[in-house]
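Trainee: Could we go through this one label by label? I'd like to hear the reasoning behind each term.

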Amino acid sequence: MTSDDTDILQDRERSNWVRLRTLLILRWCAIGGQIIAIVIATRYFGIKIEAGPSAMTIGAAMIANLVTSFIYPENKRLSEREASAMMAFDIVQLGVLLYLTGGLHNPFALLILAPVIIAATVLHLLSFVLLGLLAIGMITAIFFTFVPLQVADGTLLLLPPLLHFGFWASLVIGVIFLGIYARQVTTEMNTMGDALLATQLALAREQKLTDLGGVVAAAAHELGTPLATIKLVSNELIDDLADHPDMREDAELIRSQADRCRDILHSMGRAGKDDLHLRSAPLETVVKEAAEPHLQRGRNVSFDVAAENGCTLPQPVILRRPEVIHGLRNLIQNAVDFSQTQIAIDIRWSDSQIFVRIADDGHGFPQSVIGRIGDPFVQRRRVALDGLRRPGYDGMGLGLFIAKTLLERSGAQLLFANGQRRMPAGQNTDLGTGAIVTVTWPMKALTSTDQGSYPILGKNQLILD
């Protein structure tokens with residue numbers, strides 16, 4: 001899925017977000033405000049307003065609200081067309097009322113921005129643009145023609161021409177700027193929500209695999225004893241049935257099938273224990289487990305494991321947390337995808353911190369997005385070059401976002417950069433100016449002894465028949 005596809009999908013998902021009741025309540029509030037403003041203007045300030053046409057304009061909004069309330073249930077979710085129609089009606093109704101009450105000389109003309117901002121947050125791009133153009137058209141119309149306001153002595157309430165034009169320009173710019181601003185913020189919030197959901201799904205999948213591995217290992221362990229008993233009894237039957245060929249063949253079949261079950265359970269138990277069942281392991285083992293799916297993809301992946309200068313601690317044993325393994329795996333996958341031949345993974349630790357540095361000999365992160373790496377749905381501008389490194393790939397940055405989110409959840413800090421990184425001592429290969437990702441944890445974030453969420457196996461039990 002490309003970034004353009006994502007934008008289209010998010011636009012489609014904007015439909016049916018707004019309840020009819022919400023817009024009706026907002027319209028009733030607007031009607032109440034219009035009535036109060038006209039009453040105060042006429043009663044307390046002595047401003048002459050065409051009461052009949054103004055009342056008809058406000059009455060049209062009231063009738064529209066009442067009819068809509070009777071036709072549809074309050075909890076109805078408006079379709080794109082219905083929501084657009086309601087907001088277009090609000091713009092036209094307010095424009096007509098402003099025409100009758102001084103046009104842009106009326107300070108309440110600012111309220112015409114409200115429907116446009118709402119449209120920017122909940123409607124498709126085309127609907128938002130059309131409503132914005134409608135609002136600009138109404139603002140321009142009442143700029144040129146309007147019924148002027150006048151006080152009791154006949155004095156017209158008019159702004160100086162320069163301020164009048166400035167108010168028109170500010171409203172037009174407000175429609176454009178505030179509409180785009182509101183839409184951009186809403187789009188980013190929706191994008192972040194979608195990406196966080198993908199992160200949760202990835203973590204849930206990794207956790208389910210962890211739980212499944214534990215069940216497999218436990219089953220292999222518990223079934224080992226009865227299978228050994230079956231094999232022992234079948235061997236005795238084979239010896240006792242030497243004079244009965246038919247029955248001896250059945251006993252041999254039982255033994256062969258018991259051996260087959262033993263081999264299957266042995267492989268399952270080994271996979272479960274090695275990959276998923278142990279809840280803690282040395283730091284190097286966890287990192288290599290994360291890298292394992294990408295070690296046979298035609299790239300030379302090297303590991304350099306050592307303590308930082310001045311550190312006397314042995315290699316730490318850390319919890320095999322699914323978010324750590326999945327996050328590192330995504331980073332290593334990205335390095336393999338965009339490397340040429342070499343990937344170097346440095347594993348370091350000090351008295352208080354743990355470091356994992358992943359470097360490749362590719363072309364590095366694009367300068368156009370290096371400051372936004374880790375944001376979801378980031379489209380690279382260097383499409384041609386990235387396409388050569390990963391054919392058929394049109395990335396959105398979601399993989400790096402998931403990795404960054406999962407690792408930060410485990411207490412890590414990530415640094416993305418481009419630079420030089422040499423291979424371990426004895427190998428004079430220079431990785432050039434490829435991408436470097438440094439993941440840093442506080443020591444206590446990964447070496448906690450609290451295993452309440454990661455229970456280990458119980459003691460082995462001898463089962464006697």
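Mentor: Sure, we'll take the labels in turn, keeping in mind that this is a predicted model.

Trainee: Why is the aromatic pair of Phe143 and Phe144 called edge-to-face?

Mentor: The centres are 4.9 Å apart, and rings pair if their centres lie within 6.5 Å. The planes stand at 80°, and over 60 counts as edge-to-face, so that is the label. The structure holds 5 aromatic pairs.

Trainee: And what makes the pair of Phe143 and Trp168 tilted?

Mentor: Their centres lie 5.8 Å apart with the planes at 40°. Stacked needs under 30 degrees and edge-to-face over 60, so what falls outside both is tilted. The pair also links distant parts of the chain, with Phe143 in helix H6 and Trp168 in helix H7, 25 residues apart. Phe143, Phe144, Phe165 and Trp168 form one aromatic cluster.

Trainee: Phe143 and Phe144: how do you know which is buried and which is exposed?

Mentor: Phe143 has 16% relative accessibility, and under 20% means buried. Phe144 has 65%, and over 50% means exposed. Trp168, at 21%, is partly exposed, because partly exposed runs between those two cut-offs.

Trainee: What makes you say the charged end of Lys288 sits over the ring of Phe303?

Mentor: The charged end is 5.3 Å from the ring centre, and the distance limit is within 6 Å. There is an angle condition as well, within 35 degrees of the ring normal.

Trainee: On to salt bridges. Why do Arg27 and Asp90 count as one?

Mentor: The N to O distance is 2.8 Å, and the cut-off is within 4 Å, so they qualify. The partners come from distant parts of the chain, Arg27 in helix H2 and Asp90 in helix H4, 63 residues apart. Arg27 is buried at 6%, while Asp90 is partly exposed at 21%. A search of the whole structure finds 12 salt bridges.

Trainee: What about the salt bridge of Glu323 and Arg321: are the partners buried or exposed?

Mentor: Glu323 has 7% relative accessibility and Arg321 has 14%. Buried means under 20%, so Glu323 is buried and Arg321 is buried too. Their side chains meet at 2.9 Å, N to O.

Trainee: How do you know that Glu408 and Lys404 are separated by about one helical turn?

Mentor: They are 4 residues apart in helix H12, which is why. The closest N and O atoms of this salt bridge are 2.7 Å apart. Elsewhere, salt bridges that share partners join Asp304, Glu308 and Arg348 into one network.

Trainee: Why is strand S7 described as largely enclosed by the rest of the structure?

Mentor: Because 7 of its 8 residues are buried. Strand S5 pairs with S7 in the antiparallel sense over 7 bridges, with Arg357 opposite Thr438. Strand S6 also runs antiparallel to S7, joined by 6 bridges, and there Ala417 stands opposite Ile436.

Trainee: What makes those strands paired?

Mentor: Pairing takes at least two bridges, so the 7 bridges of S5 with S7 qualify, as do the 6 of S6 with S7.

Trainee: Last one: what makes Ile173 eligible for the nonpolar surface patch?

Mentor: Patch residues need over 30% relative accessible area, and Ile173 is exposed at 55%. The patch covers about 680 Å², with Phe177 and Tyr181 among its other members. Helix H7, where Ile173 is found, gives the most to the patch, with 6 residues.

Key. Residues are numbered from 1 along each chain as its sequence is written. This is a predicted model: local features need pLDDT of at least 70, side-chain atom pairs count only at pLDDT 80 or more; totals for chains, interfaces and linings use all residues. Side-chain values use heavy atoms; hydrogens and water are left out. Rings of Phe, Tyr and Trp (its six-membered ring) pair if their centres lie within 6.5 Å; planes under 30 degrees apart count as stacked, over 60 as edge-to-face and the rest as tilted. Buried means under 20% relative accessible area, exposed over 50%, partly exposed in between (1.4 Å probe, protein chains only). Helices (H or I, at least four residues) and strands (E, at least two) are DSSP runs, numbered from the N terminus. Patches are made of residues with over 30% relative accessible area and no salt bridge: like charges are joined within 9 Å, nonpolar side chains (Val, Leu, Ile, Met, Phe, Trp, Tyr) within 5 Å. Accessible areas come from the Shrake-Rupley method with a 1.4 Å probe; for residues, only the protein chains shown count as cover.
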